[in-house]
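Visitor: I would like to look closely at one part of this assembly, but I should first know how far the model can be trusted. Could you take me through it slowly?

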Amino acid sequence: MLAHFTNVITVFLMVAGLFIITARGNLIKKLVGLSLFQTSVYLLYISPGKLIGGTAPILSPAFTVYSNPLPHVLILTAIVVGVATLALGLALTVRIREAYGSIEEDEILALDHSVEDDEARESH
Amino acid sequence: MRDDLVLRVVGRLLIPAILLFALYVQFHGDFGPGGGFQAGVMAAAGIVFYSLIHGLVTTRRIVPDWAVETMVAAGVLIYASVGLAGILLGGHYLDYSVLSSDPIHGQHRGIFWVEVGVAVTVCGVMLKIYYMFASRGGAED
Amino acid sequence: MAVAVWAIAFTRNLFSVVVLSGVYSFLMATVLVALDAVDVAMTEAAVGAGVSTVLLLAALRLCKSEEAKPAHKPWLPLAVSVSTSVLLVYGAWGLPDFGDPEAPIHKNVVPRYLNNEVDVPNVVTAVLASFRAYDTLGETVVVFTAGAGIIALLRRRKKNPDNKGGGA
């Protein structure tokens, strides 16, 4: 059990992020949940790279065992792409707020449906 | 917030340190933790901190819009031209070992310029995003 | 970190949610240092707790609202989450043990990377900028595209009498 401890923690964080995305209707909270989900995926990738007794992957004559640098590289890219996604999502949220007047998913859907009903009634 | 003494003093102490540290992280990325992304984000964070204290208008005078937009594009161009330089000097795209007579020195040069390109783009994009968000809240037309 | 996540899920004041997400990022950076990922920890701290929090606060200032009370109990998302977590834990059981030096992740390309071919001590920078430079080029282009997208979304047209809200 202890050997898979990190995997269990990572899965809990991942699923908590998934719960926030699906269960909450506020757009900003959904984006925060998305970034939590992404952060837990970083943990998922980096924890298998760690070698007990190893050190950070900076070559130096004093150490022989290094932790695996490959996941670090992939996750560095992932972090920056994640913040780019967050920024674009927030820009969309701001525009939605200006267009609909609210950032709650239910209210936005209700506004959309009422507009569709009005248009359907007008065209008859 | 310009009138708050504590913020002004702390800003005077911290902002040069942040910018200097960003430069350090950029150029020592080969020997310690660091590199282009971290340096770009830290430099942008320093300038955002300045703008939180002294206001967006002052910051726009120091780092004007055209400079930020040029930074956004210039970084990608620097990166791509390092790759093209590899082709022009006889190797593959993004092949660093032909950039200098000694292949190891060529690697150093290539990595240096590539990291500069990455840092410039990341700093420019973060600053531009902050400018866009902060200036949006003015009079809603 | 589990406490921070729980609080984010159930707090309705959006300002506290943003601050809690900054706290979560800092804790994640600490965990990453404990896992020997120093470059990643620096980036996560700068990006997650720095830039990300600033952007969320800026967006919050523009949206100015609090989360509404949830209209119905979230049974379906809870069921989906629990079943997903059971499946994931079952799948993760087959992965190699934590800290196992015989795991296949350490066998394929990494011995070559650690061999100091390019005379740059920071292996992560060497791999990013030299061995895998194409990926970094792609990532820089992604960052550039995000910047361009934000400019396109949030740009203000010049004042136009029959234009509402800053142009389409």
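Visitor: Among the elements of chain B, which has the lowest mean pLDDT and which the highest? After that, please look closely at helix H2 of chain C, which has 21 residues, and at what surrounds it.

Guide: This is a predicted model, and it is sensible to begin with confidence, as you do. Among the elements of chain B, helix H5(B) has the lowest mean pLDDT, at 88, while helix H1 of chain B, residues 5–27, has the highest, at 91. Chain B averages a pLDDT of 86, and 94% of its residues score at least 70. Where pLDDT is low, the predicted coordinates should not be read in detail.

Now to the chain that holds your helix. Chain C has seven helices and zero strands, so that its pattern along the sequence reads α-α-α-α-α-α-α. Of its 168 residues, 39% count as buried. Chain C is divided into domain 1, residues 1–67, and domain 2, residues 102–157, and the centres of these two domains, taken over C-alpha atoms, are separated by 23 Å. Among the contacts in chain C between residues at least 6 apart in sequence, 34% join residues at least 24 apart.

Helix H2(C) itself reaches 30 Å from its first C-alpha to its last, which is close to the 30 Å expected for its 21 residues at 1.5 Å a residue. Its buried residues run from Leu14(C), Val17(C), Val18(C), Leu20(C) and Ser21(C), through Tyr24(C), Ser25(C), Met28(C) and Ala29(C), to Val31(C) and Leu32(C). These buried residues pack against H1 and H3 of chain C, and also against helix H2 of chain A, residues 27–46. For contrast, you can turn to helix H4 of chain A, residues 105–122, which is hardly covered, the count of buried residues among its 18 residues being zero. Helix H4(A) reaches 26 Å from its first C-alpha to its last, close to the 26 Å expected.

Just after H2(C), Asp36(C) takes a positive phi of about 70°. Most residues other than glycine have a negative phi, and most peptide bonds are trans. Asp36(C) is found in the loop between helix H2, residues 14–34, and helix H3, residues 38–63, of chain C, and Asp36(C) counts as buried because 22 other C-beta atoms lie within 10 Å, where the cut-off is 20 or more.

Beyond that loop, Asp39(C) has its place in helix H3 of chain C. Asp39(C) is also buried, because 28 other C-beta atoms lie within 10 Å. Leaving out residues up to four places away in sequence, Asp39(C) touches His72(A) and Leu76(A), Pro33(B) and Gly35(B), and Val124(C). Asp39(C) and Thr125(C) are 86 residues apart in sequence, yet 8.9 Å apart in space, C-alpha to C-alpha. Farther along the chain, Thr136(C) is found in helix H7 of chain C, and this residue counts as buried because 26 C-beta neighbours lie inside 10 Å. Apart from neighbours within four places in sequence, Thr136(C) is in contact with Val118(B), Leu128(C) and Ala129(C).

The packing of H2(C) against chain A leads to the interface between these two chains, in which 78 residues of chain C are in contact with 70 residues of chain A. The elements giving two or more residues to the side of chain C that touches chain A include H2 and H3, and H3(C) gives the most, with 15 residues. The residues on that side of chain C divide into 55 nonpolar, 15 polar and eight charged. Chain B, by comparison, has five residues in contact with five residues of chain A.

Finally, there is the largest nonpolar core, which has 118 residues; among those with the most contacts inside it are Ala87(A), Val41(B), Ala44(B) and Leu55(C). H5(B) gives the most to this core, with 17 residues. Domain 1 and domain 2 of chain C both give residues to this core, so it lies between them. One residue shows how chains meet here: not counting residues up to four places away in sequence, Ala44(B) touches Cys123(B), Met126(B), Leu127(B) and Val51(C).

Methods
Residues numbered from 1 in each chain as written. Chains lettered and ligands numbered in written order. Predicted model: local features only at pLDDT ≥ 70, side-chain atom pairs only at ≥ 80, totals over all residues. Contact = placed C-beta atoms within 7 Å. Core = buried A, V, L, I, M, F, W, Y, C linked by C-beta atoms within 7 Å. Buried ≥ 20, exposed ≤ 12 C-beta atoms within 10 Å, placed from the backbone. Helix = DSSP H or I, 4+ residues; strand = E, 2+ residues; numbered from the N terminus. Domains from an automatic or database assignment. Expected span 1.5 Å × (residues − 1). pLDDT = per-residue confidence, 0-100. Nonpolar A, V, L, I, M, F, W, Y, C, P; charged D, E, K, R; others polar.
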